[in-house]
Amino acid sequence: MLGIIIKKEMLGNIKSKWFIVVSVVTIMVFFFSALVFVDKYKLEMRDYEEAHQKNLSGLKERAENLSFIPYYIQTYQIKPSVNRLLCEGFEKSLPNTFKMDVFSLQIPEGQRLDNYMLSRFLDIDWTFIINFILSFVALLMTYNSFSAEREQGTLSLMLANPVPRSLVLLGKYASAMLTLLVLLSSGAIISVTTVKLLGIPYQGIPDIKQMALFLLLSMAFLSAFVLVGMLFSCLISDSSSSMVILILIWIVLSIIIPSFGRIAAEKTVRVLTRTELERKILVSSAEIMRTADSFGPGAGNYDGGPTNPQARTRMFNAVTEAKNQIIDDYINRSLLQMREGRKLTRISPTSLFQYSAEALNKTGVKRFENMFIQLKKYQKKLKNFIVTKDKEDPESMHLLAEWEGHYMMLSQKPVDFDSIPKFEETDMESCVKNTIYNFSLLILWNIILGFTVYISFRKADVR
Amino acid sequence: MIWTILKKEFRYNLSTLRFRAGIVLLLLLIVSFAPILLNSHKKQLSDYNHLVSQNLLDLQNLMTWQNLTPSIYNPPEPLALFSRGIEENISSSFRIVLDEIPVLRSSGTSENPLLGVFSVLDMALVFKLILSVLALLLAYDSLSGEKERGTLGLIFSNQLQRHKLILGKFFGGVVTLFLPVFFGFLLTAFMIERSPFIDFDAEGWLRIFFMGLASWLLALVFFSIGLFMSSITKRASDTLITLSLVWSISLIVIPNLSSYLAVRIHPFQPRSGMTQQKQEILYERGQKINSIIHAQSIRGLVIQHDEFEPWGSYYRVATRALIRLRQETDPLIAKVRIEYADRLREIDGRHYAILMRQKNTADFLSILSPVAVYEKVMNSFSRTDATSQKEFERQAGVYREQIIDYLKGNEAFSSLRYSTTLEESQVPELDTKEEVDKKFAPIRDRLLETQPAPLEVSEIPRFHYDPVRMNISLKSVRSQLGLLLFMVLLFLIGTLATFKKFDVR
């Protein structure tokens, strides 16, 4: 019986005129998004490779003298990931360039050629299509699922047969979900094929397992909208009124609630402006240098007077440490601010889907955070390497400090280029916890809605 | 007759669920948005005041002229709560230095860049979403719906010309849609008026009035599109589907696509090229400065003890040779730095020209979308568009000139106070290594005991930002407002033309 209902419903959907229009549009958007993705990916990969090669050649040049290495500023970019096809995670607006030497990591910058004169435009990835197009399609498919049948009088006919109401409900739900799945997977196939055909360097297409999980997540999200549509179709007898209400709800859930994030973020956590940050660093180093003598007599003399390199090294290291502390705080607070902003927007399934998609695909802010942590580790490794190598040289004074004039205090011997640690961004450990958290909230939405639909349909007046 | 139809349509619209739901949602959203936006403005204002007073405090503690590098800040624009525009993309502060002329920068370097993950929230978002949907919902079944119900046939059995029906329906919509716009803006204005942090002058209110007008116009564009679609489709549900496609295309697809295409049509010059050109100029400048320094023979030993002030370091103690060198070279170096700032600006100017070309292309491509046109109008009236940002940049440049003129006028570059707090009599005359080793430390210790007085700064020009005037804003959106009006007329005429042949059965 269920099979018959599903079949009938699906045929009804697929044969309708609007469904054909919507499918064509959806698939075209998928195709277009793949084109844009490949185009951008190639550009970004080129930039990334360029930066990478530059670091290597810079290090190679400096391998002739150990003391040059610590002062060499390396520039790293986040490696573009193929998963961005699925979920870009706003990486376009996040900082992607990290500069570091052995002493500190500068505040990451977004070194992209962006036109700030244009208002910010969204990237059309799969997540976007699902969030803004397919969710709407889900509503279009269900807004009249009961009310239309009630208007035509077929609902009471159907229920006159020995079919339990729950089965009718399930049939309608399953058919809507199946139709959406067909639409989504055909779009996905078009998108992947396009990427595959155009070919992107270095990496293939996203992992199949990854895509399957993503589709599962998307269906959980779309299911919430299907249920909302069915709910209002039960509650409101006039189908055009239910459409009106649904459009308004869609606007609130998909556009309005997610845009509260920024203000919530700015309200809960205060982050220093760049000017304030620079000032704070300057003040802290001035403070330390003012009390130079506490690091040993003559620590503050650079060129004249009796110098004391050991004390001066201690002083400079204290300055570096204070600076790094300030930068770390800044980054952590920035991250905290962003997270606080996202907390509130979790009421909307659209935001939940966005966040879980980011976590699942390992894109977005998480990636920025990961890069920062990995570079810190690398920095430590490089420093250890220099200290150990320096110890092997009896002629060196073994004093490493963040001041260009101090390179003379280190070993002047060449090092083997191959032995210098190099940075390679390792794959992120997956954010299972985060994905599951957001996913279960989505499921919670589904359960509540499903239950409400069931209750209201049981009591619905079918005449 | 038109009047009767108008009255009937107006009453009918008011009684519909969609109109009531729409207006309730609009007012609800305004009530919840406005306090949040006002609060955010309050926070921006307090941050701004904090930064400005900090800057003033630093100025009052200024020790040497070389470190006169004040920061200037773009005061937060209260009208931005209506439309954020590109305000958030652009850094709102400049540091005034000799080396560079202020140039608009992306805000990525000035605040928490991670907030880029959030989309923008402003009043224009509410108005454009709700008003466009409301207008479409009022219009979608006005012809096809009557046809389905069979009332259209009844109407024409009376002596009524077809165009009168359309005009009646249109003006009914004009009056109906006036209500949400009027009450929406009235409510917003009321909430602004009650807020103690915003105090608009007549111009501010006039700007808000124009924004209301533009919003009404946007609603009318969608209403006439709705009427048009309703006259060419047979069933109301078909109309609704078509209209939701039109709506999402004009709200999401066209604005995104036009920006994307604009960037592809006028691609950026590679950044590496720009950086390299800049580096070459900086290198050349470095060479020039070095040659100035090397041209001076240094008579004696160069020893210093530095101190920090808010905007940099300075010599607290320095030997005669160093002071002499600085006094002779500083005016020349300053001249070189100012001269090269112009050359660096040229490169930025070339980059900026590309940005503007992209922006103009994107603007041109997006004229197909009434929403994109509306956004431009709102940005301009909210003073958050490119014109306003450019004006801030221009005034910052003027301020820099004022500072330079002030320094030149006071002959600061060649004065002792340019690089050190020492007075003429205090400069230690230490020429040989032995003298330095023996005497520098005690002299330094003695000099450090006295606290030098900060510079007299009361006559340094202060920055005051004068925002873009109303007539300039109005001039820049003339064509956009005309375009919106044109769209209304176009679709209205389209409806009149197609409805002539409409089969009313």
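1. Let's start with a loop in chain B. B:Glu411 sits between helix H12 (386-409) and helix H13 (433-449) of chain B. Keep in mind while reading that this is a predicted model. The backbone at B:Glu411 caught my eye: phi is near 50 degrees, a positive value in a residue other than glycine. For context, most residues other than glycine have a negative phi. Is B:Glu411 buried or exposed? B:Glu411 counts as exposed, because it has 11 C-beta neighbours inside 10 Å and the cut-off for exposed is 12 or fewer.

2. Chain A has a residue worth looking at for a similar reason. A:Lys362 is not a glycine, yet its phi is positive, at about 55 degrees. You'll find A:Lys362 in the loop between helix H12 (349-361) and helix H13 (365-391) of chain A. Here the surroundings are crowded enough to call A:Lys362 buried, because 20 other C-beta atoms lie within 10 Å and 20 or more is what that label takes.

3. On to how chain B is divided up. The domain assignment gives domain 1 as 2-269 + 368-396 + 463-500, and domain 2 as 272-357 + 401-449. Their C-alpha centres are 50 Å apart. Where the two domains of chain B meet, 19 residues of domain 1 are in contact with 27 residues of domain 2. The domain 1 side of that contact is made up of nine nonpolar, seven polar and three charged residues.

4. Now the contact between the chains. Chain A puts in 59 residues and chain B 62. On the chain A side, the elements giving two or more residues are helices H2 (17-62), H3 (126-142), H8 (239-256), H9 (261-268), H10 (274-290) and H11 (309-345). Which of them gives the largest share? That is H8(A), with ten residues. Sorted by class, the chain A side has 34 nonpolar, 16 polar and nine charged residues.

5. Last, the nonpolar cores. In soluble globular proteins, nonpolar side chains tend to be buried together. The largest core in this model has 160 residues, and those with the most contacts inside it come from both chains: A:Leu134 and A:Ala138, plus B:Val126, B:Ile130, B:Ala135 and B:Ala219. If you want one to click on, try B:Val126: leaving out residues up to four places away in sequence, B:Val126 touches B:Leu26, B:Leu29, B:Ile30 and B:Phe33. Apart from this core there is another, of 24 residues, including B:Tyr315, B:Ala318, B:Ala334 and B:Val427.

Conventions: Residues numbered from 1 in each chain as written. Chains lettered and ligands numbered in written order. Predicted model: local features only at pLDDT ≥ 70, side-chain atom pairs only at ≥ 80, totals over all residues. Domains from an automatic or database assignment. Contact = placed C-beta atoms within 7 Å. Nonpolar A, V, L, I, M, F, W, Y, C, P; charged D, E, K, R; others polar. Helix = DSSP H or I, 4+ residues; strand = E, 2+ residues; numbered from the N terminus. Core = buried A, V, L, I, M, F, W, Y, C linked by C-beta atoms within 7 Å.
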